[in-house]
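Subject: Structure handover and notes

Dear colleague,

I am passing on the structure we spoke about, followed by my notes on what was found in it. Please read the notes with the model open beside them.

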Amino acid sequence: MASKYIELAKETRGHYIGPMPVQTFLNDFLPWNEETPEAFREAKIPPQRVKKLKSSAVVPEADSYKQYIEAFTGWTKFAASKACPLEFRDTHLHRDTSCGSLGMDITVYGKTRFMRTKSRVMDFSNAEVSVELKPRADSDAFVDPLVEITEDQVSEESEFDDEDDEELADCDSEDGADDDPSSDEEGDDVAREIRENVELPEGPPIVSAEIEPPVVTTHYPFENASKVGVSTRGQLAAYNAVILAVQYRSHVFSTLICGDYARLIRWDRSAAIVTRRFDYTEKLGATILFRFYQRFAQLTNEQRGLDSTITTPSKKEGKLAREAFTRYATELWKGQTQSFLKKQESTSQLSLLKMTFAEETYIIAAPIYHEGFLSPFCRSTRRCTIMRLRDKAVLFFKDYWREDSAITLKESDIYERLAEHQIENVAEMAAGGDVDNLKTIGHRYASAAWVSRATPLTIRQLHSHRIILVTVGRDLSTFPTAKSLVKCIADAMKAHQMAYQKARILHRDISVGNILMKLRPTDDSPICGFLIDWDHCVVLDLIPADDSYEHCISRTGTWQFISAHLAENPFAEHTVLDDRESAVYVLAYAAFRHLQHNLDSQQLAQVLEVFDEYVTHVGRPDKGGARKIDALQSARFARVKFDVPGLARLFRYLSKAFAARYPLQDEDSGDDEYYSGESEDKAKEEKMLKLLNDGSWLYTTLADAADRLPEPKKDQLDWVDNTKVTNIFPIANNKRPGEPLDHDTNEVRMFKRSKGLDGQASRVHTSELRA
């Protein structure tokens with residue numbers, strides 16, 4: 001996992017905001033609630049607890065977990081309080097096998113919301129707070145700047161005053177108070193205590209030569225770029241990303257311990273807000289940690305980040321849902337694809353939740369981990385089938401974090417617009433909209449006065465958005481025949497053209513994952529495709545007249561399938577031609593992975609690099625497309641011999657047409673007679689460009705080709721799983737990548753397996769179940 005942590009740290013650069021003053025962090029994110037008793041707020045910290053905490057910094061690492069846990073166990077449990085008691089578990093030797101065998105050092109649990117038949121020591125689905133404990137200070141993922149303390153900053157820390165100094169004064173004594181809450185007298189030397197004990201922005205402590213010093217970069221000075229610092233940051237990102245992904249919540253808290261120092265962190269889908277480091281072996285530093293858990297214990301579920309619309313279903317409700325899902329799965333998966341997908345998910349093993357949304361109640365499968373969940377900062381799209389409790393109907397559910405845009409609408413509004421214009425081959429929506437109170441807040445703090453330096457990345461606000469569709473289908477990558485594959489892409493591209501022509505909507509994300517096959521009432525019914533995921537689209541009518549088209553509609557989409565033109569030109573205008581070209585790559589990608597052909601595993605892996613190849617530039621958007629252009633110009637896809645006759649011819653025709661977008665370099669040699677054939681080539685290119693601009697040409701070409709492709713013999717399928725011999729299942733991260741770790745290298749060639757925000761390449765799980 002070490003290499004994944006390093007890659008993850010690189011890809012999440014710019015999303016860390018800090019160092020935030022500790023008291024500001026507590027006041028903003030863990031406020032005292034009015035109903036919390038004064039006795040609980042003013043509870044005195046027993047000296048023996050502080051001793052346990054301080055000893056965790058000096059004992060061997062294997063013993064430090066025990067000391068830390070003993071310091072806090074029972075601290076928040078008071079009879080006079082309604083606060084939820086917290087359970088601290090030593091999980092450093094345990095792994096959650098349902099979440100990639102990941103495990104945190106110490107996991108803090110509250111009330112169990114995700115019921116299990118057998119409890120787990122390490123359980124990401126019920127985790128409330130993660131604690132990462134590093135024995136050395138140089139493992140810190142962050143670097144505080146060298147700044148002077150202002151009077152404003154001093155006043156911000158006013159909670160940690162002489163009352164805490166007084167209660168901790170005798171911490172080295174063997175005798176101390178018991179766990180009963182009591183009040184302390186307030187002191188007057190607040191500013192002095194803050195300057196001496198809390199406000200320590202001078203950077204890492206003076207260390208011996210064997211300790212690795214922090215590495216500060218120009219663009220991201222708050223993020224420690226040392227090897228160990230990068231690894232720690234990647235670990236933190238992975239653990240908290242999984243918590244966010246397998247639970248329904250807006251944010252999550254974590255604690256980072258490095259040697260004598262600690263930080264508090266708040267994570268949401270836009271950014272991680274990190275406090276200044278503080279020395280928890282000192283008086284006030286210890287108090288900070290105790291007050292953090294104390295405040296956390298009295299937070300409401302919503303303040304902790306939990307989604308109030310998600311609850312636990314009854315046994316009866318769960319049984320009804322399993323029966324409905326089992327009937328649906330039997331209708332959906334047939335032949336070889338059925339056994340292939342049964343290995344990934346069984347309806348009898350599904351963990352279920354109850355969701356209230358848009359005045360309806362649904363039973364929904366709990367999120368299932370895959371490697372795409374390792375990024376905390378992303379749209380985090382989740383899809384599954386759900387059952388509407390009212391009528392037992394099985395529907396398609398999608399939820400993700402959307403960004404506001406002046407030139408588009410919410411996806412739920414897009415579906416209403418498509419229905420208004422009677423666009424065929426798109427899903428019918430049952431309900432949709434934003435989830436109240438589930439929003440990110442990183443954008444509010446990105447430019448705060450205490451920020452080390454404003455990140456070059458724009459932190460945008462994201463909203464939790466849900467779509468429930470009546471139309472359900474199966475993933476395109478599970479097509480039964482080559483004929484059905486081409487037919488479904490033709491149907492989707494017809495929907496794309498009609499939406500563009502009638503509703504003035506440009507989809508901008510044609511991909512394998514966004515084209516589904518409708519369920520067939522009978523085996524004799526024709527297979528039809530439909531286009532989903534309109535969350536990247538733009539409404540052309542909303543583009544301001546005084547803004548350039550290029551400025552408003554920049555590239556976006558799934559990296560494997562974006563056009564070569566957009567891959568080469570990050571700031572180019574995203575047009576309807578780019579989406580049409582994407583359809584060619586969708587067809588090729590699915591055909592190479594799931595149809596019989598004459599390529600061996602090494603040759604197949606080389607062909608698939610056409611889709612994944614990119615070049616990253618420090619401080620600039622990623623580029624690619626050279627291999628796609630070469631594939632079109634050389635008709636590389638057509639040179640592969642497929643067992644299904646007619647596919648190679650289709651690829652040759654499509655390649656010739658879209659290669660016209662990328663003419664070879666035109667030189668004025670002066671020898672027109674020798675190169676007389678060039679004029680004929682140009683005439684052919686112009687003819688092809690005319691075809692490309694014909695709105696109906698692509699989908700009618702695909703539909704005609706589908707009609708001509710042969711069907712396999714009865715009870716046989718064309719579908720095969722070529723991924724087994726190539727080991728090419730992509731790792732999904734769904735995030736924008738950062739710069740290469742090698743800061744001396746201006747350009748690094750890589751291969752992306754991914755989907756990104758704003759056209760940045762990133763990783764996408766193309767094999768995930770879509771319905």
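In what sense do β14 and β15 pair, and over how many bridges? The model is a predicted one, and in it β14 and β15 pair in the antiparallel sense over six bridges. K439 stands opposite H463 in β15. On the β13 side, β13 and β15 also pair in the antiparallel sense, over eight bridges, and there R402 is the residue that stands opposite H463.

These strands belong to an open sheet of seven, whose order is β9-β10-β11-β12-β13-β15-β14 and whose pairing is antiparallel. The edges are formed by β9 (310–311) and β14 (429–439), each of which pairs on one side only. Strand β15 is mostly covered, with eight of its eight residues buried. In a regular strand the side chains alternate between the two faces of the sheet. For β15 both faces are covered, since L462, S464, R466 and I468 are buried on one side and H463, H465, I467 and L469 on the other. Helix α14 (residues 411–420) lies across β13, β14 and β15, and runs at about 40° to β15.

Further along the sheet, β12 (residues 382–388) and β13 (residues 393–403) pair in the antiparallel sense over seven bridges, and C384 has F397 in β13 as its bridge partner. C384 counts as buried, with a relative accessibility of 16%, and C99 is buried as well, at 2% relative accessible area. A search of the whole structure nevertheless finds zero disulfides.

Turning to the interior, the largest nonpolar core has 93 residues, and I489, W534, F592 and L702 are those with the most contacts inside it. If neighbours within four places in sequence are left aside, the contacts of F592 include H597, L599, L604, V607, L608 and F611, together with F637, V640, F642 and N722. Another core lies apart from this one and has 50 residues, among them V50, A286, F296 and L299.

Helix α5 (residues 61–72) has twelve residues and reaches 18 Å from its first C-alpha to its last, which is close to the 16 Å expected at 1.5 Å a residue. Its buried residues are S64, Y65, Q67, Y68, I69, A71 and F72. The elements that cover them include α4 (47–55), the strands β2 (87–90), β3 (106–109), β4 (127–134) and β5 (252–258), and α10 (283–297). Just after α5, G74 takes a positive phi of about 85°.

Some points of backbone geometry may deserve a look in the viewer. The peptide bond from G18 to P19 is cis, with omega near 5°, and P19 is placed in strand β1 (residues 16–20). S380, in the loop between β11 (360–365) and β12, has a positive phi near 50° although it is a residue other than glycine. D533, which is not a glycine either, has a positive phi of about 55° and is placed in the loop between β19 (529–531) and β20 (538–539).

Are S380 and D533 buried or exposed? S380 is buried, because its relative accessible area of 7% is under the 20% cut-off. D533 counts as buried for the same reason, with a relative accessibility of 1%.

With best regards

Note on methods. Residues numbered from 1 in each chain as written. Predicted model: local features only at pLDDT ≥ 70, side-chain atom pairs only at ≥ 80, totals over all residues. Heavy atoms only, no water. Core = buried A, V, L, I, M, F, W, Y, C linked by side-chain atoms within 4.5 Å. Buried < 20%, exposed > 50% of the residue type's maximum accessible area, 1.4 Å probe, protein only. Contact = heavy atoms within 4.5 Å. Disulfide = S-S within 2.5 Å. Pairing = 2+ DSSP bridges. Helix = DSSP H or I, 4+ residues; strand = E, 2+ residues; numbered from the N terminus. Axes fitted to C-alpha atoms, helices over the stretch in contact; angles between N-to-C directions. Expected span 1.5 Å × (residues − 1).
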